[in-house]
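Biologist: I have a structure in front of me that is new to me, and I would like to learn how to read its features one at a time. Could we go through it together?

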Amino acid sequence: MKKVVIHPDYESYADFINRLPDIFHTQGETIYKSRNEIKVFDVNGLKINVKQYKVPIFINRIIYTFFRTTKAFRAYTNALRLISKGIETPYPIAYIIIIKGGLIHQCYFISLQSSYPRNMYEFGKGSLLGREHVISQLAEYAARLHEAGIYHKDFSPGNILFQVTDNEVNFLLVDINRMQFGPVSIEKGCANFARLWGNDEIFRLIARKYAAARHADADDCTRWVFEYRRRFWQKYTRKHEMPFELSDAG
């Protein structure tokens, strides 16, 4: 059984969307492949991004069928919610849920392909010099999200896209199935930077700019930013190689 939900603005693409489970592995251009796979399709000149989620393990198939909404559903509805609040994210086109044996089997989230060329991975190496503007804008952007009650639980380098035009930095969020909506404390907001890459001077600037944007104490924010980073990356390195140098400085 297949459940397909298409945004009213994109009903003209229904034929393509309904065929996706059959053509996904033989058509389109893969731009990411790990646990999940992301492809870009050119449909009559429109660049469409399709994310195929990995088939859940059996217990999670039960959970997603009876107790929790699927990642595809959350990505679609979260996108609409973000856009309604003026936060940029690729416009949602549709989502597909495949059910086999009475349980959720495979899911797809379909959206417009973003044109933003850069992401925060580029700050994993190198100094702050010459990059202060983007980093400052990122801190202020995060503050705006948090003040609006928006918390991206996977606020990591590859999920924050940006472009710089006329000295203005515009940010765009992707991989948005893991979001929280509601009040965000200063400490929780500082913890949100833990997954980002970069050296100490970058995060000292983030802490100062974030504190100023939220009228908080800069020393408190600096302490929290570095403490939550240390906790996250210590846990990460138990199973993975550290992708950049991390000090304990604050």
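**Cysteines and disulfides**

Modeller: Under the rule that a disulfide is a pair of cysteine sulfur atoms within 2.5 Å, the count here comes to 0 disulfides. Please keep in mind as we go that this is a predicted model.

Biologist: How far is the sulfur of cysteine 190 from the closest cysteine sulfur, and why is there no bond?

Modeller: The closest cysteine sulfur belongs to cysteine 221 and lies 3.5 Å from that of cysteine 190, which is too far for a bond. Seen from the other side, cysteine 221 is likewise in no disulfide, with the sulfur of cysteine 190 as its nearest cysteine sulfur.

Biologist: Are these two cysteines buried or exposed?

Modeller: A residue is called buried when its relative accessible area is under 20%. Cysteine 190 has a relative accessible area of 1% and is therefore buried, and cysteine 221, at 0%, counts as buried too.

Biologist: Let us turn to the chain as a whole; how many helices and strands does it have?

Modeller: The protein chain has 7 helices and 11 strands. Its radius of gyration is 19 Å, close to the 18 Å that the globule rule gives for 250 residues, so the chain is as compact as a globular protein of that length. Taken along the principal axes, the C-alpha atoms fill a box of roughly 55 × 45 × 35 Å.

Biologist: What share of the residues is buried, and what share of the contacts joins residues distant in sequence?

Modeller: Of the 250 residues, 46% are buried. Among contacts with a separation of 6 or more, 64% are between residues 24 or more positions apart. The accessible surface comes to about 13,000 Å², and carbon and sulfur atoms account for 49% of that area.

Biologist: How should I read a sheet, and what is the strand order in the open sheet of 6 strands?

Modeller: In general, the strands of a sheet pair through backbone hydrogen bonds, either parallel or antiparallel. In this open sheet the order is S1-S5-S6-S4-S3-S2, and the pairing is antiparallel. Strand S1 (2–6) and strand S2 (29–33) are the edge strands, each of which pairs on one side only. From one strand to the next, the twist averages 20 degrees.

Biologist: Which helices pack on this sheet, and which strands do they touch?

Modeller: Helix H1 (residues 14–23) packs on the sheet and touches S1, S3, strand S4 (46–52), strand S5 (92–100) and strand S6 (103–112), with its direction at about 140 degrees to that of S1. Helix H2 (residues 58–66) also packs on the sheet, where it touches S5 and S6, and its direction makes about 70 degrees with that of S6.

Biologist: How many bridges link S2 to strand S3, and how many join S3 to S4?

Modeller: S2 and strand S3 (residues 37–43) pair in the antiparallel sense over 4 bridges, and in that pair tyrosine 32 stands opposite isoleucine 38. These two strands form a hairpin with 3 residues between them. S3 and S4 run antiparallel and are joined by 7 bridges, with valine 43 having leucine 46 in S4 as its bridge partner. S3 and S4 also form a hairpin, with 2 residues between them, and asparagine 44 in the turn has a positive phi of about 55 degrees. S3 itself is mostly covered, with 6 of its 7 residues buried.

Biologist: Loops can be harder to read, so where are asparagine 177 and threonine 89 found?

Modeller: Asparagine 177 is in the loop between strand S10 (168–173) and strand S11 (179–181). With a relative accessible area of 6%, asparagine 177 is buried. Leaving aside its neighbours within four places in sequence, asparagine 177 has contacts that include Tyr53, Lys71 and Arg74. Threonine 89 lies in the loop between helix H3 (71–84) and S5, and at 10% relative accessibility threonine 89 counts as buried.

Biologist: How far apart are threonine 89 and aspartate 175, in sequence and in space?

Modeller: They are 86 residues apart in sequence, and their C-alpha atoms are 9.2 Å apart in space. Beyond its neighbours within four places in sequence, threonine 89 is in contact with Ala79, Leu82, Ile83, Leu172, Leu173 and Ile176.

Methods. Residues are numbered from 1 along each chain as its sequence is written. This is a predicted model: local features need pLDDT of at least 70, side-chain atom pairs count only at pLDDT 80 or more; totals for chains, interfaces and linings use all residues. Side-chain values use heavy atoms; hydrogens and water are left out. Two strands pair if DSSP finds at least two bridges between them. Axes are lines fitted to C-alpha atoms, for helices over the stretch in contact, and angles run from 0 to 180 degrees between N-to-C directions. Contact means heavy atoms within 4.5 Å. The radius of gyration is taken over C-alpha atoms; the globule rule is 2.2 Å times the number of residues to the power 0.38. Buried means under 20% relative accessible area, exposed over 50%, partly exposed in between (1.4 Å probe, protein chains only). Accessible areas come from the Shrake-Rupley method with a 1.4 Å probe; for residues, only the protein chains shown count as cover.
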